[in-house]
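The following exercises are to be worked through with the sequence and the structure at hand. Each task is followed by a stepwise solution.

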Amino acid sequence: MKNGFITTFSQTGQSYKTHIRGIGKYGLLLAFFVICLALSLITPKFLTVQNLMIIVTQVSINALLAFGVTFVIIAGGIDLSIGSMVAVTGVVAASFAHPDTYPVAVPIGMGLLAGLLFGAFNGFVVTRSKVPPFIVTLGTMTIGRGLALIISKGRPVSNLSDSFNFLGGGKILGIPTLIIILIVLFIGCSILLKRTVLGRYIYAVGGNEQAAKASGIQLNKVKMVVYTLCGGLAALAGILLTSRITTGQPNAGTGFELDAIAAAIIGGTSTSGGTGTMTGTLIGALLIGVISNGLDLLNVTSYYQQVVMGVIIIGAVVLDSMNQTNKG
Amino acid sequence: MSTDQDYILSVSGLTKTFSGVKALDNVRLNLRKGEVHALMGENGAGKSTFMKVLIGLLTPDSGEIIFKGEDLKTGNVNDILKKGISMIHQEILAVPELTVAQNIFLGRETSSRLFGWLNDRQQIKQAGDLLEQMGLTIQPTTPMKYLSVAEMQMVEIAKAISNEASVIIMDEPTSALSDKEVATLFRIIGDLTQKGVAIIYISHKMDEIFTIADTITVLRDGKYIVTKPASELDTTQLIALMVGREINTLFPENTSPKGDEVLSVKNFSQSGKFTNINFAVHAGEVLGLAGLMGAGRTEIARAIFGLDGFNDGAIYVRGEKVRIQSPADAIRQGIGYVSEDRKALGFIPRLSVKDNITLSSLRGFFTQPKQETETALSLMADLRIKANGPDQAVTYLSGGNQQKVVIGKVLLAKPAVVILDEPTRGIDIGAKAEIYKLINQLTADGIAVILISSELPEILGLSDRILVLSQGRQTAMLSRSDATQETIMRYAMPAN
C-alpha cells in the first residue's frame with residue numbers, strides 16, 4: 001500500500017540540495033590554520049617537531065579509515081565496522097610478524113586479505129539482503145570484535161619483527177613512513193574518486209540509486225567494490241597501527257569508526273550520499289587531529305575533549321545545512 | 001437560473017499555474033446537496049489538480065470556493081477536512097498496522113478526560129455502529145492490513161461519514177472492485193445522497209457514470225467545458241466533449257522509410273499488470289502506446305528495459321530472443337528508455353550535465369574529461385540544452401532541459417530502439433515542439449521509437465501505428481489513418 005497521492009505531491013514541491021556543500025574547502029582550511037596559529041601562540045609545545053609527529057601519526061590512521069568510509073558514504077551507505085576491522089587485521093598481521101618466521105610481505109598480505117574479505121562480506125550482505133547498511137555493519141562491528149579476540153585468544157600479540165615495526169614507526173629520508181603512506185593513498189583515493197569511471201559511478205549510485213540503475217550501472221558491483229575498498233583501507237590502518245604500537249591489540253580501534261565518519265562529515269561528505277571529496281575528508285581528519293592535540297596540550301581532560309568533539313561535529317553539519325538553506 | 005443558495009459547494013474562476021503552465025484555467029463547478037456529480041476529462045485535464053485544491057493540498061492562484069455559503073479558505077488540509085470535505089483516494093492512505101476503528105478515528109482519537117488516555121472501547125463501539133449502519137460486516141478490531149481493497153475503501157468511506165463530511169470526493173473508487181463490491185459501493189452512495197451528502201465522482205468507466213451520476217462536468221486541458229444533467233448525454237457525446245479539440249500542427253510528418261523489425265515482444269505478461277502483449281516495432285517507425293492511467297503502458301516499458309521482471313513471454317531484438325534482467329542488459333541490447341518519472345529515474349541531480357549525459361556510455365578505467373566535455377558540448381548544441389555549461393549540476397536546469405539531458409544520455413549510448421515514456425510531461429510548449437522534432441530526427445536516423453503518452457494529440461500526431469491498451473490487455477492496433485481520438489478512447493475505456 002503506497003500513499004501515492006501524498007508522495008507524488010511532496011516530490012513536486014521538493015527542493016534540491018545544493019552542489020557545493022559545507023562551509024567549503026577553503027573555509028575548512030582557514031579554520032584549520034586559525035586553530036594551528038592560535039595553538040602555536042597559546043602554547044610553545046604545539047609547534048615542535050615532536051608534537052607535529054604525534055599529530056601526524058594520529059591523523060594518518062584516522063585519515064586512512066576516513067578515506068575508506070568516504071567512498072562508502074558517497075555511494076549512499078555507511079560502515080560502522082571499520083574500527084573492528086582495525087583490530088582483526090592488526091592481530092592477523094601480528095600473528096605472522098614474529099621475528100624469523102615470514103618475510104614482512106606475508107603479515108602485510110595476510111592483514112590486507114583479512115580486511116578485503118571482511119569488507120567484501122559487508123558488501124555481500126548489504127547487496128544481497130534488504131537490511132540497511134547501518135544495521136549490517138553494526139552487526140559486523142560486533143562480529144569483528146569477537147573475531148579479533150578469538151584469533152588473539154584475548155591477549156595482545158607482541159614480539160614482532162623489526163622490519164614489520166618499521167612500517168608504521170620508521171622514517172625514509174627523515175620523513176615518517178606514515179606520512180608517505182598517507183600522501184600516496186590520498187592521491188590514489190582522489191584519483192579513484194575523481195578520475196575513474198568507478199568514481200563517477202560511486203557518485204551516481206549515492207546521488208540517485210534508481211537513476212543510476214536505469215543508466216545501466218550495476219549497483220551491486222559498485223557497492224561490493226566500495227565496501228571491499230573500505231575494508232582494504234581499514235586493513236592498512238590496522239597493520240600500520242599494529243606496527244606503530246609494536247603489538248596486535250584485539251581491543252585496538254574501538255570507536256575509530258566514529259572519528260573516521262566525523263572526519264568525512266566535517267569535510268563536507270553528505271550523509272545522504274552523492275557528494276564529498278577526499279580533500280575535504282583529509283582536512284576534516286587534520287582538523288580533528290589538531291583540535292584533540294591542542295586540547296591535550298592545554299591539559300583538557302579527555303572527558304571534556306569528547307564533549308568538544310561532539311559539538312564540533314554537530315556544528316559542522318548545522319553550518320552545512322544553513323549554507324544549503326541560503327542557497328536553496 | 002438557480003441561486004447560489006442551492007449549492008453546497010460553488011467554485012468559480014479557479015486558476016492554478018505550475019511553472020508557467022496553466023493546470024487549471026478559470027474552472028468552475030456547482031455542486032448540489034445530495035447529488036452525484038461526475039467530473040470527467042482525459043488524463044491531464046486537470047481533475048486531480050482541481051481535487052487537490054478542493055481538499056487543501058494545493059493553493060490556487062486565484063478563484064473563489066464557496067462552501068455552505070462561506071468562503072472556503074484554501075490550502076489547509078485539516079481545516080477543510082473538519083469543515084466537511086473528504087476525499088477517498090485512488091490509492092488508499094490507511095495505516096495497515098492499525099485496526100479498522102483506529103483508522104477511522106485517526107487524528108481525531110476520543111480520549112478520556114483524565115491524562116488524555118485513548119478511549120479504545122468507545123472508539124470500537126462507535127466504529128462498529130457506523131459499519132453496521134452501512135450494512136457492512138467488517139469487524140472494527142481487525143487490523144487494516146487483513147482487509148480486501150474493497151473493504152479498505154468502505155472503511156475510508158466510513159471515516160468520511162464519521163467525519164460528518166457533507167462533500168465526499170471519490171477518485172476512481174471502483175478501479176479495484178468486483179461487480180458485487182461495486183454494487184455495495186453504489187448502495188452506500190445512494191444512502192449517503194439520501195442524507196444530503198454530495199458526491200464528486202471521478203471515473204473513466206462510462207457505464208458507471210451513466211448509472212450513478214446525476215450531473216456531469218467536463219474538463220479539458222485545465223479548462224471548464226460544460227456541465228449537463230447525465231440524462232442529456234450519451235457515451236459518444238461525452239467522449240467527444242472530453243477529447244474534442246483540434247489537432248494542432250505541432251507535429252512534423254514522419255516520412256522516414258520503415259526498415260526491419262528491431263524489437264518485438266511475444267505473449268509478454270506480468271501478473272496483475274499486463275497480459276499477453278504482442279507487438280513489433282521497426283527501424284524508422286514510431287509505435288504509439290495509448291491507454292488510460294493504469295492500462296499497463298509504463299509497466300510494459302519497465303519490463304522491456306529490465307527494471308522489473310516479467311512472468312511469461314519473451315523479448316526479441318532483431319528477431320533473436322534476448323535475456324534482459326537489468327537495464328545494463330537492455331542498454332547492451334540497444335534499448336534506450338526515457339522514463340516518465342524524470343526525477344526518480346532520469347538523472348542524478350547533483351552531477352553535472354556532462355556527467356549525466358555520459359553516464360550510460362563510459363568505458364574503460366579512467367574517465368576522459370576532455371573527450372567527455374566535447375561530447376557533452378556537441379549534444380548540448382544538438383538538443384539545444386540551455387545550461388551555464390557542461391559542468392552545471394542538472395538540478396538547476398528547467399524541466400524541459402532536464403528532460404533533454406536524459407534524452408541525450410539515452411541517445412549517446414547509441415540505441416536501436418528508444419522507449420519514450422511521457423516525454424513531454426510537465427515541460428513547456430516550446431520544449432515540447434523540440435522533442436517532437438527530435439523524435440522525427442530519430443526515425444530519420446533509422447531508430448525505432450516506442451512512444452507512450454497520455455496526450456492523444458501527441459500519439460495521433462507522431463505515431464505510425466498505435467497500440468491501444470486497456471486494463472493490461474491490448475485492445476486494438478490502429479494504423480495512423482484509422483486512428484481518431486474517439487476510436488482510441490473507445491478502445492481505451494475499460495469494458496467494465
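Chain A of this predicted model contains 14 helices and two strands. Of its 328 residues, 51% count as buried.

**Exercise 1. Determine what share of the contacts in chain A with a separation of 6 or more joins residues 24 or more positions apart.**

Solution. Take the contacts in chain A whose partners have a separation of 6 or more. Within that set, residues 24 or more positions apart account for 78%.

**Exercise 2. Compare the span of helix H4 of chain A with its expected value, and state how many of its residues are buried.**

Solution. Step 1: helix H4 of chain A covers residues 82-95, which is 14 residues. Step 2: the distance from its first C-alpha to its last is 20 Å, close to the 20 Å expected at 1.5 Å a residue. Step 3: 13 of the 14 residues of H4(A) are buried, and the helix is thus mostly covered.

**Exercise 3. Examine the secondary structure of two spans that UniProt lists as "transmembrane region" in chain A.**

Solution. Step 1: the unreviewed UniProt entry lists several such regions, among them residues 80-98, 104-127 and 172-193. Step 2: residues 104-127 are 96% helix and 0% strand, with end C-alpha atoms 35 Å apart. Step 3: residues 172-193 are 77% helix and 14% strand, and the end C-alpha atoms of this span lie 28 Å apart.

**Exercise 4. Describe the packing of helix H8 of chain A against helix H13 of chain A.**

Solution. Step 1: two packed helices are described by the angle between their axes and the distance between the axes. Step 2: the axes of H8 (residues 177-195) and H13 (residues 278-297) of chain A come within 9 Å and cross at roughly 145°. Step 3: H8(A) contributes A:Leu182, A:Phe186, A:Cys189, A:Ser190 and A:Leu193 to the contact, while H13(A) contributes A:Met278, A:Thr279 and A:Leu282. Step 4: by class, this contact has six nonpolar, two polar and no charged residues.

**Exercise 5. Explain why A:Cys189 and A:Cys230 do not form a disulfide.**

Solution. Step 1: a disulfide is a covalent bond between the sulfur atoms of two cysteines. Step 2: the cut-off used here is a sulfur pair within 2.5 Å. Step 3: the closest cysteine sulfur to that of A:Cys189 is in A:Cys230, 10 Å away, and is therefore too far for a bond. Step 4: conversely, the closest cysteine sulfur to that of A:Cys230 is the one in A:Cys189. Step 5: A:Cys189 is buried at 6% relative accessibility, and A:Cys230 is buried with a relative accessible area of 1%. Step 6: over all chains, the disulfide count is zero.

Terms used
Residues are numbered from 1 along each chain as its sequence is written. Chains are lettered from A and ligands numbered from 1 in the order in which they are written. This is a predicted model: local features need pLDDT of at least 70, side-chain atom pairs count only at pLDDT 80 or more; totals for chains, interfaces and linings use all residues. Side-chain values use heavy atoms; hydrogens and water are left out. Helices (H or I, at least four residues) and strands (E, at least two) are DSSP runs, numbered from the N terminus. The expected span of a helix is 1.5 Å times one less than its number of residues. Buried means under 20% relative accessible area, exposed over 50%, partly exposed in between (1.4 Å probe, protein chains only). UniProt positions are given in the numbering used here, feature names are shortened, and annotations may be inferred rather than shown by experiment. Axes are lines fitted to C-alpha atoms, for helices over the stretch in contact, and angles run from 0 to 180 degrees between N-to-C directions. Contact means heavy atoms within 4.5 Å. Ala, Val, Leu, Ile, Met, Phe, Trp, Tyr, Cys and Pro count as nonpolar, Asp, Glu, Lys and Arg as charged, and the others, Gly among them, as polar.
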